[in-house]
Amino acid sequence: MTQPSVWEQILDYSHRPNPYQLYAELRKTPVTVAEDGSYLVSTYAEIVSLLHDPRVSSDVGRNPQAAAAAAAGARTTGTETAGTGTAGTGEEAEEGAGEARGLGPSFLLMDPPDHDRLRRLAMRHFGPPNTPGRVAGLEPRMVEIVTGLIDDLAGRTRVDLVDDFAYPFPVAVICELLGVPVGDERRFRVWVDMALESTDPGVDAETQQQKRTEAGKWLLDYMTDLVAAHRQAPGTDLLSAMADDDGPEGRMTNEELVSLGLLLLVAGHETTVNLISNGILTLLHHPDMLARLRDDPDLAIPMVEELLRFEPPVHFLPFRTALDDIEIAGTTIPAGASITPVLAAGNRDPLHTRDPDSFLPDRENNDHLGFGSGIHLCFGAPLARLEAQIALAEFAGRLDNPRLAEDPPLYRPSPILRGPRHLAVDIDGVRAAVPGTE
Ligand code: HEM
C-alpha cells in the first residue's frame with residue numbers, strides 16, 4: 001500500500017485537530033503538486049506573491065479542473081453548471097445556486113474589472129468613505145447580543161460554546177446587518193450546513209455535487225425572494241441600501257444582488273463562528289492569556305490578530321488558476337493549472353514569523369494571511385474583528401473557571417473552513433455583566 005502524501009493526510013479528518021506539523025512538512029517544498037494536479041503553495045512569500053499576481057485568476061470558469069468537476073456533477077445531477085467553484089469562504093452555497101438557475105458568481109469569484117466594480121458598489125454601503133458608521137454603529141447591539149447569550153448560561157455547569165455562543169452571535173449580527181429575519185436561521189442553517197458538507201473530501205465527488213446543487217437551489221430561491229421583498233419595501237439594512245442605490249456606477253442587477261446577498265449571509269457568519277470558537281479553544285489551552293484578557297479586555301484587539309495567524313478559520317483557497325506560465329520558487333506553474341494557496345501554512349512560516357508555533361498576542365502582527373491578501377482581501381474583516389474582540393473579552397470576563405470537557409473537541413468536517421463543531425466546557429458560574437458594557 002502506498003503511503004498517503006502529506007496533502008492527503010492534511011485533508012484526512014483524523015488530522016483536523018492539529019494539521020500544523022503536516023503544514024511544516026509541506027513548507028519544505030514551497031510549491032508542490034497535489035494528486036489532483038493542483039499546485040499547492042505553502043510558504044508566506046510565495047503565497048503573497050501569487051495573491052498579488054494579475055496572472056492568477058479567481059474566476060473558476062477559467063479553471064479546467066473546476067469546470068471538469070462541475071461537468072461531472074452536471075452529468076450526475078442533470079443540472080446545468082455555471083462553471084463555478086469553491087474558495088472556502090461561503091461560496092460553496094453560491095456554486096450550487098449558480099447551477100440551479102444559471103446565475104453568475106459573486107465578486108469573490110471574479111477578476112478585474114468586474115470584481116472591482118461590484119466590490120466598490122457593495123463597499124459604498126458597508127464602510128468608508130461613504131458609510132463609515134455601518135460596522136462601528138453595530139457595536140452596542142453586538143455587546144447586547146453577547147451579554148444576553150452569556151446571561152442565558154447562568155445556572156448551567158456544562159455548556160457548548162459553539163451552539164450556545166460562537167454560532168448564534170455572528171448569525172444574529174449578519175441577519176440584522178443584512179435585513180434577514182433572524183428566525184429564518186432555522187431554515188437556512190440546514191442548507192448552509194449541507195453546502196459546507198459538500199467540501200468534505202471524505203465524501204465522493206458525485207455526492208458532493210448533489211449536496212451543493214440541492215443546498216444551492218434552496219438558498220438561491222430564499223435569497224431571490226428576500227431581495228424582491230427588500231426592493232419592494234426598503235428598510236435601513238444593507239440589502240435595502242444596495243438594492244436602492246443609484247450611485248455613480250449604476251444599480252446592481254437583481255442577479256448580482258442575489259449572489260452578493262448569499263455570499264454575505266454565508267461568509268458573514270461561518271468564518272466568524274470558527275474564529276470565536278478557535279479563539280476560545282486557544283485561550284483554554286493558554287490559561288495565562290485567558291487571565292490576562294480577563295484583567296485587560298483591550299488585549300482582545302492584538303489577540304484576535306494573533307488568532308487569525310495562529311488558528312485561522314480559512315485554511316486554504318482552492319481553485320485559483322494560472323492564466324500564464326508562472327515561475328515561482330524554482331517551479332513553473334503552467335498556464336491553466338489550479339493553484340491552492342495554503343494560508344494556514346504560510347501563517348506559520350518561520351522565514352516570515354519568528355517562533356511561529358507559539359501563541360503570542362503581544363507580537364507585531366499586521367500582515368497575517370487570515371483574511372487573505374491582495375484584491376480579494378476579506379471584505380468583512382472590520383466586522384469579523386469587532387465581533388471576535390467583543391466575544392472573546394466577554395467570554396474571558398464572565399465565565400467562572402472554564403475548563404474543556406473534551407480535548408480535542410469534535411471538529412467540523414471541512415479542511416477549508418476549519419473549526420470545532422462543539423466545544424463542551426465546564427464552568428463554575430457566570431459573573432454579572434460589568435455595568436455599562438451590557
Ligand atoms: C473571521 C472571519 C472571516 C475570515 C477568516 C474571512 C476570510 C476571508 C478570506 C481568506 C477571504 C479571501 C478569499 C480569496 O482570496 O479568495 C475573504 C473574502 C471575503 N470575505 Fe471574508 N472572512 C471573514 C468574515 C467575513 C465577513 C463577516 C464577511 C461579510 C460581512 C465576509 C465577506 C467576504 C467577502 C465578500 C469576500 C470576497 C472579497 C473579494 O473577493 O474582494 N467575510 N474572507
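Buried here means under 20% relative accessible area, and I needed that cut-off before anything else because Phe 319, at 19% relative accessibility, counts as buried by it. I also noted at the start that the model is predicted.

**Entry 1: backbone oddities**

I looked up Phe 319 for its backbone: its phi is positive, about 70 degrees, although the residue is not a glycine. I placed Phe 319 in the loop between helix H16 (300-310) and strand E5.

I then asked where Asp 355 is placed, and found it in the loop between H17 and H18. Phi of Asp 355 is near 50 degrees, again a positive value in a residue other than glycine. Is Asp 355 buried or partly exposed? With a relative accessible area of 42%, Asp 355 is partly exposed.

For the cis peptide bonds, I recorded one that joins Pro 112 and Pro 113, with omega at about 5 degrees, and I found Pro 113 in the loop between helix H5 (91-101) and H6. I recorded another from Asp 407 to Pro 408, where omega is near 0 degrees; Pro 408 lies in the loop between E10 and E11.

**Entry 2: the ligand and its shell**

Which residues are closest to the ligand? I found 28 residues surrounding the ligand, and the closest are His 115, Arg 119, Arg 320, His 376 and Cys 378.

I checked the polar contacts next. His 115 has a polar side-chain atom 2.6 Å from an oxygen atom of the ligand, and His 376 likewise places a polar side-chain atom 2.6 Å from a ligand oxygen atom. For Arg 320, an N or O atom in the side chain is 2.8 Å from an oxygen atom of the ligand. The elements giving two or more residues to the shell are helix H6 (114-123), helix H14 (254-285) and helix H18 (381-398), and H14 supplies the largest share, seven residues.

By class, I noted 17 nonpolar, nine polar and two charged residues in the shell around the ligand.

**Entry 3: the iron atom**

What donates to the iron atom of the ligand from the protein? I found a single protein donor, the SG atom of Cys 378, 2.3 Å away. I traced Cys 378 to the loop between helix H17 (343-346) and H18.

**Entry 4: helix H18**

I checked the length of H18, one of the helices that contribute to the ligand shell. Its 18 residues, at 1.5 Å a residue, should span 26 Å, and I found its end C-alpha atoms 26 Å apart, so the expected and modelled spans agree. I also looked at how far H18 is covered, and recorded that 15 of its 18 residues are buried, so that the helix is mostly covered.

**Entry 5: strand E8 and its partners**

I turned to strand E8 (residues 338-341) and asked which residues cover its two sides. Ser 338 and Thr 340 lie on one side and Ile 339 and Pro 341 on the other, and all of them are buried. This fits the general pattern that side chains in a regular strand alternate between the two faces of the sheet.

I then went through the pairing of E8. Strand E2 (residues 39-41) pairs with E8 in the parallel sense over three bridges, and the bridge partner of Val 41 in E8 is Pro 341. Strand E5 (residues 320-322) is joined to E8 by two bridges, and these strands run antiparallel. In that pairing, I noted that Arg 320 has Ile 339 as its bridge partner in E8; Arg 320 is also among the residues closest to the ligand.

**Entry 6: the open sheet**

In what order do the strands of the open sheet lie? I recorded three strands in the order E4-E11-E10, with antiparallel pairing. The edge strands are strand E4 (158-160) and strand E10 (403-404), each of which pairs on one side only. E4 pairs with strand E11 (residues 424-426) over three bridges, and within E11 the bridge partner of Val 159 is Val 425.

**Entry 7: a distance along the chain**

Last, I looked up Ala 68, which is found in helix H4 (residues 64-77) and counts as partly exposed at 46% relative accessibility. The C-alpha atoms of Ala 68 and Pro 168, which are 100 residues apart along the chain, are separated by 37 Å.

Methods: Residues numbered from 1 in each chain as written. Predicted model: local features only at pLDDT ≥ 70, side-chain atom pairs only at ≥ 80, totals over all residues. Heavy atoms only, no water. Pairing = 2+ DSSP bridges. Helix = DSSP H or I, 4+ residues; strand = E, 2+ residues; numbered from the N terminus. Near = heavy atom within 4 Å. Polar contact = N/O pair within 3.5 Å; in protein donor to acceptor, adjacent residues only side chain to side chain. Nonpolar A, V, L, I, M, F, W, Y, C, P; charged D, E, K, R; others polar. Donors = N, O, S within 2.8 Å, 3.2 Å for Na, K, Ca; no water. Expected span 1.5 Å × (residues − 1). Buried < 20%, exposed > 50% of the residue type's maximum accessible area, 1.4 Å probe, protein only.
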